[in-house]
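Here are a few exercises to work through at your own pace. Keep the structure open beside you and try each task before reading its solution.

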Amino acid sequence: MKQLRELFARTSSRWLAIELILVTCACMWAFDPVLVNAYVTHQPMGYNPDQLVSMEVGSTMTTAVRLNADNYQNTIEQEQLLEKIRAMDDVQQAYPANGGTIGFDTSTGNGFFYNGGDSLLSDKYYFLPESKMFEVFGIQSLTPGVPTEELTKDCEWDKSIILSRTAAMTLFGTTDVVGRTIRGEESLYNQDIGDFESKIHDFRIRAVVEDVRTCVFDRDHDNVYICKYSGLWNYSIIVRLRPGVDARRFMSERKREVERDLVTEHLYVRHMESGSETLGRQVESNWQGRQSRFFGVNLAFGVLGTLLMYTRQRREEAGVRRAFGATKWSVFRGFISEAWLLTTISVLLGCVVYFQIAASKGLCDDFMGHNLTVHYWFDDFGTHFLVVSVIVYLIILCAVLVATAIPALRICRSEITVALKDE
C-alpha cells in the first residue's frame, strides 16, 4: 500500500496511468477482432489444402458459347483436358469445379431447408453427377455403404442432396438420414423477369459427409451439396496431388509442361494456385488484420518511447537510493515492480471503462454465423471479454516491462557519481 501511495504521488506516474488506460481501451478495440480472426482461421479445415492445386482454365470460345452449359460445361474438350491432367505422374485425382474454387471459396448462395417444423439456413454448393469432388477434397462420407469415392454416383440431377454432419444433426438429430426427403427453398435468378424468385424443391438425401470449413472464415459447417449445375461459367479444375508431392514444387517444375501439353482446341490452363496460397490470400485480404498490425506497431513505439523517457528521468532517484546503501539489484527490482503495479492497475481500470462500451455496443461478432448449434468461446460475452482482457494485459505488460528494463539496467550499472551528477 505504501508503494502504491508513493507511486501515484508522482505527477508523471498519474499521467502515465491515464495514458495506459487509454491504450488499454484502444487495444481492446483493435485486438479483439484479430484474436477472434486468428482463432477461427486456425481451426482445422476438415481436409488437407496443402495437397490441392487449382488450375484456372482459359477459353478462346465466345462468351455466348461459354454461358451455354450444354456447349461449355459438358464439352468434349473439357473431358480431354481433364484426362490429360489425371494422366500426369504427380496427380492423384482431379475434377472440374462447378463454379467454385479451392476451399469452396465461391458458394452458390444460401437457402432454407425444412424437415417438418425444423428449418436450416445453409450455404449451398453444387456438384456434378459422377464427379470426384468429395474424393478430390478428401471429404469423408459418414454413410455406411456409400464410400467417399461413390458419393456422387447414382445422384439425380436437381433432386439429390448431400448433407454435412452439422446440417443433418440440426434437421434430424442424427446422421442416419439416407433416403429421407427434405424441402429446400432456393432464391434463383429468373432471366425472364430479370430478378430473383423463390422456388421450392423436394430433395432426396443421398448421404451425410463430415463437416468441413468452406473457407478460412467459415464457422457454420451446415453445408448442403446439391447435384446441380451452378450456372456459373468460371471454370477451374481442382487437382489432388499424390501423397508426398509438394504443391509449390509441382507448380514450379510442371509449369512448362502445363503450358505445352494441357491445351485443347479452345481450352488451356492459364493460372495455377495451391490450396494453401488460396487460404493465405483469404487471410491477407482481411482489412482488420492489416489495421491492427499497423496499430500494434504504433502502440509499441508509443509505449516504448513514453516508458523510456519516464524511466530515464528517474536516474537521480536511483543514484540517491544507491548512495543510501541500496544495491543495484534492489533498485532495478524497484523499477520493475513499480512498472508492473502501474500497468496492472491501469489495465484493470481500462478494462472497466471498455466494459461499459462493450456492454452496449457488443464485442467482435464478425463470425457470428446463422447456425446456433456451432459454438466457440467468443460466443459467450463473459468468456470473450475475459480472454481479450487477459491477452491485452499480457501484451501491454510485456511492452512496459521491456521499456522499463532497458534504461533501468543502464542506470543501475552506472556509477553513483554519474547518477547524482545532475542532482
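**Exercise 1. Find the salt bridge that Arg254 makes with Glu257, and say whether each partner is buried or exposed.**

Solution. Start with the side chains: Arg254 and Glu257 meet in a salt bridge, at 2.7 Å from N to O. Keep in mind that you're looking at a predicted model. Next, check the cover. Arg254 has 13% relative accessibility, and because buried means under 20%, Arg254 counts as buried. Glu257 has 24%, so Glu257 counts as partly exposed. Last, look for further partners: Asp90 joins Arg254 and Glu257 in a network of salt bridges.

**Exercise 2. Work out which parts of the chain the salt bridge between Glu156 and Arg204 links.**

Solution. First, the contact itself: the two side chains of Glu156 and Arg204 come together at 3.8 Å, N to O. Then place the partners. Glu156 sits in the loop between α6 and β5, while Arg204 belongs to strand β7 (residues 195-209). They are 48 residues apart, so this pair links distant parts of the chain. As for cover, Glu156 is partly exposed at 38%, and Arg204 is partly exposed at 29%. By the rule used here, the structure has 13 salt bridges.

**Exercise 3. Describe the aromatic pair of Phe134 and Tyr225.**

Solution. A ring pair is described by the distance of the centres and the angle of the planes. For Phe134 and Tyr225 these are 5.2 Å and 80°, and the pair is edge-to-face. Now locate the rings: Phe134 is in helix α6 (residues 133-137) and Tyr225 in strand β8 (residues 224-227), 91 residues apart. Both partners turn out to be buried, Phe134 at 1% and Tyr225 at 0%.

Now try a second pair, Phe355 with Phe385: the centres lie 5.3 Å apart and the planes meet at 80°, so this one is edge-to-face. Phe355 comes from helix α13 (residues 328-361) and Phe385 from helix α14 (residues 381-413), with their positions 30 residues apart in sequence. Phe355 is partly exposed at 34%, whereas Phe385 is buried at 11%. In total, the structure holds 15 aromatic pairs.

**Exercise 4. Which residues does Phe250 touch, beyond its neighbours within four places in sequence?**

Solution. Begin with the setting: Phe250 lies in helix α8 (residues 247-253) and is buried, with a relative accessible area of 1%. Then list the contacts: Val53, Met55, Met88, Asp90, Val91, Leu241, Val245 and Lys255. You've met Asp90 already, in the salt-bridge network with Arg254 and Glu257.

**Exercise 5. What makes up the nonpolar surface patch that includes Leu22?**

Solution. Find Leu22 in helix α2 (residues 11-41). Leu22 has a relative accessible area of 58%, and exposed means over 50%, so Leu22 is exposed. Then add the other members: Trp15 and Ile18 join Leu22 in a patch of about 370 Å².

**Exercise 6. Where in the chain is confidence lowest, and where is it highest?**

Solution. Take the average first: the mean pLDDT is 79, and 74% of the residues reach 70 or more. Then go element by element. Helix α4 (residues 69-72) is lowest, at a mean of 48, and strand β5 (residues 160-164) is highest, at 93. Where pLDDT is low, the predicted coordinates shouldn't be read in detail.

Key: Residues numbered from 1 in each chain as written. Heavy atoms only, no water. Patch = residues over 30% accessible without salt bridge, like charges linked within 9 Å, V, L, I, M, F, W, Y side chains within 5 Å. Areas by Shrake-Rupley, 256 points an atom, 1.4 Å probe, with all protein chains shown as cover. Salt bridge = Lys/Arg side-chain N within 4 Å of Asp/Glu carboxyl O. Helix = DSSP H or I, 4+ residues; strand = E, 2+ residues; numbered from the N terminus. Buried < 20%, exposed > 50% of the residue type's maximum accessible area, 1.4 Å probe, protein only. Phe/Tyr/Trp six-rings, centres within 6.5 Å; stacked < 30°, edge-to-face > 60°. Contact = heavy atoms within 4.5 Å. pLDDT = per-residue confidence, 0-100.
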